Every structure is written in structure tokens, then in C-alpha cells.
Amino acid sequence: MRTQPARLLVVLLLPALLLALGGCADLRAQVAGAADAPASGAAEAPDVLTTSEWAVTDGLLSVLVRNEEDRTLRTAEVTLEAFDRDDVSLGTWSASAMVGQDACCTVTDLAPGEIYGLYFPVGVDVGEVAAVDLDYRDVAWQPAATDQDSSTASATGLASDLNASRTVVNADLTVGSADIPQALVQAILRGVDGQLVAVVTGVWTCLTAFEVRPIEMQLFQGVPEGTVVDSITVRPLDPSTSPVAPTCG
């Protein structure tokens, strides 16, 4: 099901977007959307994830999806198709277009009720996006009977530098009672109006039990004045499904 924005914000023309840490996104001005309609899916995963918000600018489109099932979505590769106001397709994007950056478009270990951030490099010349459609493939579920609490680590936001000239998210990543070979960290940035500004994603490896590790996620472009860090999540990843398994001493 195509998801259309609840309202449109003024789009400002900015320099080309650069990415950092495998998923940093600058959305200084945006066309933002919020909807509760489920995203469309492939036959093996119909209407599993709900597209809750999306925002686009400077060639990057960020999407927040939510798992409304009662089981954990272990993995799913997501393809996005964007449409203009006349319902004309502007193109299709997936992980195959983001070599080495699977975090852009692959949902991993998404527990019931949790939000996951995706981002797609749609390009600055794609035109004005009015609706998006998400499709899912290679879907794998973790049986409800064996679901385990994945909250073995957390992140506490520190003073961050978020403005038109510099965008740095700082946090302390606190590990629980078990080592974590690899973890995905996502920060959701919002503007003064509460609308989604960006999804910033990074992967950290070889986290030891009870460690408190300062982390920094930086964008090479600024964000609107008043942008804040809305939330930071830490999601341990299964090394057996990782493209590059870390070697921890």
C-alpha cells in the first residue's frame, strides 16, 4: 500500500548529501509523511510492517517502519518505489544499489512493537516524492516461542551538535551482562515541529560485557536549527547473518 504524506514541508535546495558510518543522513529540508497504513509486501510477508513516517531531501529518503506482529522479524530486505503527485513512478531502490551498505535497506532483529529506520539514496534529480511503496523479500521470522529479549545494550544521548553547519550525535553505549560481537545503533532526529528529519545508522563491533563506550555518529551536512535527537536504539546483530563477521579478541 502506498504511503502518502500527511503534510508537505517547504523544500530547500542544498548541496549534495554525503553519508558517514554506513547510514548517516542529512535531511535539512524535507517532504515529510506520516501514516498508519501498512506498507505493501511481497507474498511471503503481506502487510507485516507498517510505514509510520518518511522524509526526503537532498537525494536521500528516510523511512521508519514498525513491526506489528507478535514475533521478531529476523531479517527482510526492503525495496522502495517512489511516486510523484500524478502517481507516476520515480524509480525503485534496494540494497543492490547500496553495495557494502546493507543497513540502508535491510531490517534485522525487529521485535514486536519496535521501530526500524531505513534510508534510500533516491538522488537529487528524482523529482518531488508524494508517496512511497515498500516491498519485502528474503523474509525470516524468529518463532514467538523462542523470542528473547534483545535489549542487552542501551545508549544514552549526550550533548550533541546539531545545526546547519555541523551534525554530530554523541552517546554512551552501555553493554549488559554479555559480550556483543556486533550491534546496530540508530538515532532518530526530529525537527522543532516534531517531524522526522533523519535516520542516522552505525554499526559497532566487539562490545564487551558491562562496557560503557562513547560513540559518535556524524553527518557531513547540517540539519535545521532546533533539530534534536528523539531516540537512540541499540540492536545486537546475529554474527551468523552478518555479511562481515567481526573478529573479537
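This is a tour of selected strands, residues and contacts, arranged as a series of selections to make in the viewer.

Before starting, keep in mind that the model is predicted, and that residues are numbered from 1 along each chain as its sequence is written.

**Stop one: strand β4**

Begin by selecting residues 72–83, which make up β4, a strand that is mostly covered, with nine of its 12 residues buried. Several pairings can be followed from here. With β8, residues 131–142, β4 pairs in the antiparallel sense over 10 bridges, and within that pairing L73 of β4 stands opposite W141 in β8. With β6, residues 106–110, β4 again pairs in the antiparallel sense, here over four bridges, and E77 is the residue to pick out, since it stands opposite T106 in β6.

Now extend the selection to residues 89–93, which form strand β5 and pair with β4 in the antiparallel sense over four bridges. A82 can be shown together with G91, its bridge partner in β5. The two strands β4 and β5 form a hairpin with five residues between them, and in that turn D87 has a positive phi of about 65°.

**Stop two: the ends of β8 and β6**

Keep W141 displayed and add R71, which lies over the face of the W141 ring at 4.2 Å from the ring centre. While looking at the rings, it may be useful to know how many aromatic pairs the structure holds; the number is zero.

Then move along β8 to R137, which lies in that strand and is partly exposed, with a relative accessible area of 39%. A polar contact of 3.1 Å joins the side chains of R137 and D138. If T79 is selected as well, the C-alpha atoms of R137 and T79 are found 8.2 Å apart in space, although the two residues are 58 residues apart in sequence.

In β6, select D109, which lies in that strand and has a phi near 50°, a positive value in a residue other than glycine. Is D109 buried or exposed? Its relative accessible area is 8%, which is under the 20% limit, so D109 counts as buried.

**Stop three: strand β3 and the nonpolar core**

Select residues 60–67 next: this is strand β3, and seven of its eight residues are buried, so the strand is largely enclosed by the rest of the structure. Its antiparallel pairing with strand β7, residues 115–121, runs over seven bridges, and L61 with its bridge partner F120 in β7 gives a convenient pair to display.

L61 and F120 also lead into the largest nonpolar core, which has 32 residues; L61, V63, V65, L80, V107 and F120 are the ones that touch the most other members. Colouring by element shows where the core draws its residues from, since β2, β3, β4, β6, β7 and β8 are the elements that give two or more residues to it. Which element gives the most to this core? It is β4, the strand of the first stop, with five residues.

**Stop four: E53 and R190**

From the core, go to strand β2, residues 49–57, in which E53 is found. With a relative accessible area of 12%, E53 is buried, and its side chain makes a polar contact of 2.6 Å with the side chain of R190. R190 belongs to strand β12, which spans residues 180–190, and this contact therefore offers a way to move on to the next selection.

**Stop five: the sheet of β12, β13 and β15**

Three strands form an open sheet here, in the order β13-β12-β15, with antiparallel pairing. The edges are taken by β13, residues 196–207, and β15, residues 228–236, each of which has a single partner strand, so that one side of each is left without a neighbour in the sheet. Viewed along the sheet, the twist averages 20° from one strand to the next. The pairing of β12 with β13 extends over 10 bridges, and within it I188 has V199 of β13 as its bridge partner.

Finish with F210, found in the loop between β13 and β14, the latter being residues 212–219. F210 is not a glycine, yet its phi is positive, at about 65°. In contrast to the buried E53, F210 is exposed, with a relative accessible area of 63%.

Note on methods
Predicted model: local features only at pLDDT ≥ 70, side-chain atom pairs only at ≥ 80, totals over all residues. Heavy atoms only, no water. Pairing = 2+ DSSP bridges. Axes fitted to C-alpha atoms, helices over the stretch in contact; angles between N-to-C directions. Phe/Tyr/Trp six-rings, centres within 6.5 Å; stacked < 30°, edge-to-face > 60°. Lys NZ or Arg CZ within 6 Å of the ring centre and 35° of its normal. Buried < 20%, exposed > 50% of the residue type's maximum accessible area, 1.4 Å probe, protein only. Polar contact = N/O pair within 3.5 Å; in protein donor to acceptor, adjacent residues only side chain to side chain. Core = buried A, V, L, I, M, F, W, Y, C linked by side-chain atoms within 4.5 Å.
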